[in-house]
Amino acid sequence: SGGGARSKPWLQLQADIYNKPIKVAVNKEQAGVGAAIAAGVGAGIYATVEEGCKQAIRYEEKIYEPNPINHAIYEEYYQLFKDAYISSSEVLSQVTEMGRRV
């Protein structure tokens, strides 16, 4: 929701990274809607948050489907990131310790 939901490239990127279809709600600002649903559950209007969501949230027709080729590329980069993080954990610990002394 919010600004990110207005960016088609960002939505496609999320679908590709998470390898999940992305649906965009018609109402772009969801914080107020979420609060209203939670209040509706508390007031007994909805039995559950899930029920409130089913009744209160509508989606745009467009669904951003993941691109399996892009997903595979992102997975490779993610694995490289994890490997780099693990291999540098000792250095990162030393930097953290030095920061505490400053």
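## Helix faces, ring pairs and charges

The buried residues of α2 pack against α3 (49-56). That is a good place to start in this predicted model.

So which residues of α2 are buried? They are Val33, Ile37 and Gly40. Looking down the axis of α2, you'd find its buried residues within an arc of 60°, so they line one face of the helix. Flip to the other side of α2 and you meet Ala31 and Gly42, which are exposed.

The length of α2 checks out too. The helix covers residues 31-42, and at 1.5 Å a residue its 12 residues should span 16 Å. The end C-alpha atoms are 17 Å apart, which agrees. Just after α2 comes Gly44, with a positive phi of about 85°.

Now for the rings. The structure has two aromatic pairs. In one of them, Tyr78 and Phe81 are stacked, with 6.5 Å from centre to centre and 15° between the planes. Ring pairs also bring in Tyr85, so to speak, linking Tyr78, Phe81 and Tyr85 into a cluster. Where do Tyr78 and Phe81 lie? Both are in helix α4 (residues 68-87), three residues apart, or about one turn of the helix. An α-helix has 3.6 residues a turn, so residues three or four places apart point the same way.

Helix α5 (residues 89-101) has a pair with that spacing: Glu97 and Arg100 are three residues apart, again about one turn. Side chains of opposite charge can pair when their charged atoms come close. Here, Glu97 forms a salt bridge with Arg100, and the closest N and O atoms are 3.5 Å apart. How many salt bridges are there by the cut-off of 4 Å? The count comes to one.

How open are the partners in these two helices? Here are the values for each residue.

| Residue | Relative accessible area | Class |
|---|---|---|
| Tyr78 | 44% | partly exposed |
| Phe81 | 53% | exposed |
| Glu97 | 38% | partly exposed |
| Arg100 | 62% | exposed |

Phe81 and Arg100 count as exposed because exposed means over 50% relative accessible area.

Finally, two lysines sit over tyrosine rings. Lys23 lies over the face of Tyr59, at 4.3 Å from the ring centre. The ring of Tyr64 has the charged end of Lys62 over it, 4.7 Å from its centre.

How values were computed
Residues numbered from 1 in each chain as written. Predicted model: local features only at pLDDT ≥ 70, side-chain atom pairs only at ≥ 80, totals over all residues. Heavy atoms only, no water. Helix = DSSP H or I, 4+ residues; strand = E, 2+ residues; numbered from the N terminus. Expected span 1.5 Å × (residues − 1). Buried < 20%, exposed > 50% of the residue type's maximum accessible area, 1.4 Å probe, protein only. Arc of directions from axis to C-beta. Contact = heavy atoms within 4.5 Å. Salt bridge = Lys/Arg side-chain N within 4 Å of Asp/Glu carboxyl O. Phe/Tyr/Trp six-rings, centres within 6.5 Å; stacked < 30°, edge-to-face > 60°. Lys NZ or Arg CZ within 6 Å of the ring centre and 35° of its normal.
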